[in-house]
Amino acid sequence: MSGVALVAHRGASGYAPENTLAAFERAIAMGAESMEFDVQKTRDGRLVILHDTDLKRVAGLRRKIRDCDSKELAC
């Protein structure tokens with residue numbers, strides 16, 4: 001049996017906003033062996049990295065990701 005694996009949940013989300021490139025890069029710099037993240041599909045078929053299926057927690061909006069076009073979600 002091998003040792004414990006260091007897995008970054010949504011990147012290094014304690015040090016950078018979750019599921020962002022900054023969080024993923026920080027996790028790698030901190031020695032993470034792998035990362036866990038969630039992928040949602042937009043109405044126009046684009047994939048976005050976001051844990052939630054809606055925008056309530058991250059943007060205060062009661063909209064499902066699947067009901068939004070990728071252009072609506074672009075920052």
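1. Helices and strands are taken here as DSSP runs, helices being H or I over at least four residues and strands E over at least two, numbered from the N terminus. In these terms asparagine 19 belongs to the loop between β1 and α1, and arginine 10 is found in the loop between β1 (7–9) and α1.

2. On the basis of the values: this is a predicted model, in which local features need pLDDT of at least 70 and side-chain atom pairs count only at pLDDT 80 or more, while totals for chains, interfaces and linings use all residues. Residues are numbered from 1 along each chain as its sequence is written, and side-chain values use heavy atoms, with hydrogens and water left out.

3. Two backbone angles deserve a look. Arginine 10 has a positive phi of about 60° although it is not a glycine, and phi of asparagine 19 is likewise positive, near 60°, in a residue other than glycine. As background, most residues other than glycine have a negative phi. Arginine 10 is buried, with a relative accessible area of 14%, where buried means under 20% relative accessible area, exposed means over 50% and partly exposed lies in between (1.4 Å probe, protein chains only). Asparagine 19 also counts as buried, at 9% relative accessibility.

4. What surrounds arginine 10, once its neighbours within four places in sequence are left aside? Its contacts (heavy atoms within 4.5 Å) are then with Glu18, Asn19, Ala23, Phe24, Glu36, His51 and Arg57. In addition, the side chain of arginine 10 makes a polar contact with the side chain of histidine 9 at 3.5 Å; a polar contact is a pair of N or O atoms within 3.5 Å, where within protein one must be able to donate a hydrogen and the other to accept it, and residues adjacent in sequence count only if both atoms are side-chain atoms.

5. The structure holds 6 salt bridges, the criterion being a side-chain nitrogen of Lys or Arg within 4 Å of a carboxyl oxygen of Asp or Glu. One of them joins arginine 10 to glutamate 18, with the closest N and O atoms 3.3 Å apart; glutamate 18 is partly exposed, with a relative accessible area of 24%. In another, the side chains of arginine 57 and aspartate 52 meet at 2.9 Å, N to O, and here arginine 57 counts as partly exposed at 47% relative accessibility, whereas aspartate 52 is buried at 15%. Arg10, Glu18, Asp52 and Arg57 are linked in a network of salt bridges.

6. A further salt bridge is formed by arginine 43 with aspartate 69, the closest N and O atoms being 3.0 Å apart. This pair links distant parts of the chain, since arginine 43 is in the loop between β3 and β4 (47–49) and aspartate 69 in the loop between α2 (56–59) and α3 (70–73), 26 residues apart. Aspartate 69 counts as partly exposed, at 26% relative accessibility.

7. How many aromatic pairs does a search of the whole structure find? The search finds 1, where rings of Phe, Tyr and Trp (its six-membered ring) pair if their centres lie within 6.5 Å, and planes under 30 degrees apart count as stacked, over 60 as edge-to-face and the rest as tilted. The rings of phenylalanine 24 and phenylalanine 37 have centres 5.5 Å apart and planes at 45°, so the pair is tilted. Phenylalanine 24 lies in helix α1 (residues 21–29) and phenylalanine 37 in the loop between β2 (34–36) and β3 (39–41), so the pair ties together parts that are 13 residues apart in sequence. Phenylalanine 24 is buried at 13% relative accessible area, whereas phenylalanine 37 is partly exposed at 38%.
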